[in-house]
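Here are my notes on the model you sent. They are set out as numbered points, to be read with the structure open.

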Protein chains: 2
Amino acid sequence: MTTDSAAPRAQRADAQRNYQRILDIARIVVAEQGTEASLRDVARRAEVGLGTLYRHFPTRDALLEALMREGFERLAARAAALGESAPPLAALREWLADFAVGSARYRGLSGSILATLSDEESPLHAACLAMREGGARLLARAQASGDIRDDIDGTDLFALVTAVGWIADQAPAIARRQEHLLSVVLDGLAPRNAVA
Amino acid sequence: MTTDSAAPRAQRADAQRNYQRILDIARIVVAEQGTEASLRDVARRAEVGLGTLYRHFPTRDALLEALMREGFERLAARAAALGESAPPLAALREWLADFAVGSARYRGLSGSILATLSDEESPLHAACLAMREGGARLLARAQASGDIRDDIDGTDLFALVTAVGWIADQAPAIARRQEHLLSVVLDGLAPRNAVA
DNA sequence: ACCTGAACACCGTTCAAGT
DNA sequence: ACCTGAACACCGTTCAAGT
């Protein structure tokens with residue numbers, strides 16, 4: 001057993017180059033057109049055959065996953081760090097602000113990310129997992145300290161923050177209210193005290 | 001001046017029939033496929049030429065507007081009624097629950113409705129206006145009575161509630177949490193008391 | 001006055017043929 | 001082992017030709 005069956009086989013040089021070309025161009029095209037960008041356009045501008053794009057990225061979500069992986073990993077790491085360094089509520093708020101920015105980086109990304117929650121086949125699902133768990137831990141911590149109400153879970157929070165990002169996506173006119181709307185939602189997460 | 005220039009000219013019988021056929025079928029197809037339904041499919045199943053569909057409904061939003069008009073008018077009327085009959089906060093909450101249901105009636109509708117806020121050309125924009133104003137009045141009333149914080153306006157509220165509807169749209173797994181998420185958001189609208 | 005469907009310019013996805 | 005692009009089955013939108 002000198003070679004692991006899951007060992008990454010060395011790619012041919014042209015394949016490696018094409019993969020990188022596609023990814024670089026995809027970043028540009030998705031920035032321009034959003035997550036529903038024309039894949040044909042990506043292939044054209046990357047100067048590869050359409051089949052080559054599909055060989056490297058069998059689905060649109062596979063391409064998005066490659067585009068977002070770094071960002072997701074960064075958010076997961078940031079959650080862990082904040083969990084050590086900041087008080088529960090502050091840590092959660094700071095992380096959510098970061099997440100809100102990341103999940104709205106491209107037009108349509110909020111939708112792609114939220115839809116992926118229900119679709120376990122999507123490569124985005126797995127890519128988001130560690131980040132989601134990091135956020136969920138910060139939430140649980142803030143709930144344990146009594147800063148956040150107990151009747152919401154990580155998925156609820158994830159969905160709510162993504163939804164606020166989606167608002168700016170759909171209606172540019174409200175985009176400047178995004179931060180404020182997020183803080184309104186977070187205010188709703190305060191513990192319910194029975195003050196009648 | 002016996003005839004108003006804006007008077008509705010009598011339509012030819014076949015035109016009238018086609019209009020109705022398209023609308024009836026569109027209701028079915030949009031229920032099946034959502035607001036991004038294939039217009040070709042609508043024309044096919046309504047057994048009219050594709051051009052006939054475009055003649056009656058020049059844009060997708062024009063078709064959606066015809067589909068939703070009644071519902072919007074009902075919501076506008078309901079806002080007025082609740083403004084007379086119920087205490088400020090209860091009226092607002094009840095109306096928002098109604099609105100939440102209506103704005104999520106079809107898959108994709110939340111998006112179509114919110115996008116229309118920024119697009120004044122869309123026929124949906126005008127169709128929503130009276131309803132939005134009705135909601136805004138209920139909001140202002142609840143703010144005047146001190147039940148709702150002052151730093152949000154009708155557009156903010158409209159966007160937030162639509163966004164909660166969108167969540168269920170994207171992730172069926174969370175659909176059953178919709179009511180709860182809406183109540184979390186509404187809790188965030190409570191006045192900010194300086195309780196440190 | 002209204003209807004029709006072909007025509008145009010796009011998609012996503014697959015796959016036989018090439019190197 | 002990988003690349004290519006034609007082929008297929010769809011779109012939305014327009015518009016000349018018909019009745």
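1. Is Glu65(B) buried or exposed? Glu65(B) is buried, since its relative accessible area is 13% and the cut-off for buried is under 20%. Please keep in mind that this is a predicted model. Glu65(B) makes a salt bridge to Arg69(B), with 3.4 Å between the closest N and O atoms. Both residues belong to helix 4 (residues 60-85) of chain B, where they sit 4 residues apart, about one turn of the helix. Arg69(B), at 34% relative accessibility, counts as partly exposed.

2. A second salt bridge within chain B links Arg45(B) and Asp41(B), whose closest N and O atoms are 3.6 Å apart. These two residues lie in helix 2 of chain B and are 4 residues apart, so about one helical turn separates them. Asp41(B) counts as buried at 16% relative accessibility, whereas Arg45(B) counts as partly exposed at 34%.

3. Over all chains, the search of the whole structure gives 26 salt bridges. In chain A, salt bridges with shared partners connect Glu32(A), Asp41(A), Arg44(A) and Arg45(A) in one network.

4. How many salt bridges are there between chain B and chain A? The count is 6. One of them pairs Asp156(B) with Arg177(A), with the closest N and O atoms 2.4 Å apart. Arg177(A) is in the loop between helix 8 (154-170) and helix 9 (178-187) of chain A, and Asp156(B) is in helix 8 of chain B, so this pair joins two chains. Asp156(B) counts as buried, at 0% relative accessibility. Arg177(A) is partly exposed, with a relative accessible area of 24%.

5. The contact between the two chains involves 32 residues from chain B and 32 residues from chain A. The area buried between them is about 2500 Å², and carbon and sulfur atoms give 68% of that area. Across this interface, 11 residue pairs are in polar contact, both residues being at pLDDT 80 or more. On the side of chain B that touches chain A, at least two residues each come from helix 6 (109-118), helix 8 (154-170) and helix 9 (178-187) of chain B. Helix 8 of chain B has the largest share there, at 9 residues. By class, this side of chain B has 17 nonpolar, 8 polar and 7 charged residues.

6. Turning to the DNA, strand D is surrounded by 22 residues, and the closest are Arg12(A), Asn18(A), Gly49(A), Arg40(B) and Tyr54(B). Of the atoms of DNA strand D that come within 4 Å of the protein, 57% belong to sugar and phosphate. The residues of the surface near DNA strand D fall into 7 nonpolar, 8 polar and 7 charged.

7. Which elements supply the surface near DNA strand D? Helix 1 (13-33) and helix 3 (50-56) of chain A, and helix 2 (39-46) and helix 3 (50-56) of chain B, each supply at least two residues. Helix 3 of chain A gives the most, with 5 residues.

8. Three contacts from chain B to DNA strand D can be checked by eye. Arg40(B) places a polar side-chain atom 2.3 Å from a base nitrogen of DNA strand D. In Tyr54(B), an N or O atom of the side chain is 2.8 Å from a phosphate oxygen of the strand. Leu39(B) comes in through its backbone, with an N or O atom 3.1 Å from a phosphate oxygen of DNA strand D.

9. A backbone point remains. Most residues other than glycine have a negative phi. Glu47(A) is not a glycine, yet it has a positive phi of about 60 degrees. In chain B, Glu47(B) also has a positive phi, of about 55 degrees, and is not a glycine either. Glu47(A) is in the loop between helix 2 (39-46) and helix 3 of chain A, and Glu47(B) is in the loop between helix 2 and helix 3 of chain B. Are these residues buried or exposed? Glu47(A) is exposed, with a relative accessible area of 66%, and Glu47(B) is exposed, with 65%.

Note on methods. Residues are numbered from 1 along each chain as its sequence is written. Chains are lettered from A and ligands numbered from 1 in the order in which they are written. This is a predicted model: local features need pLDDT of at least 70, side-chain atom pairs count only at pLDDT 80 or more; totals for chains, interfaces and linings use all residues. Side-chain values use heavy atoms; hydrogens and water are left out. A residue is near a molecule or strand if one of its heavy atoms lies within 4 Å of it. A polar contact is a pair of N or O atoms within 3.5 Å; within protein, one must be able to donate a hydrogen and the other to accept it, and residues adjacent in sequence count only if both atoms are side-chain atoms. Ala, Val, Leu, Ile, Met, Phe, Trp, Tyr, Cys and Pro count as nonpolar, Asp, Glu, Lys and Arg as charged, and the others, Gly among them, as polar. Buried means under 20% relative accessible area, exposed over 50%, partly exposed in between (1.4 Å probe, protein chains only). Contact means heavy atoms within 4.5 Å. Buried area is the accessible area (1.4 Å probe) that two parts lose on being put together, summed over both. A salt bridge is a side-chain nitrogen of Lys or Arg within 4 Å of a carboxyl oxygen of Asp or Glu.
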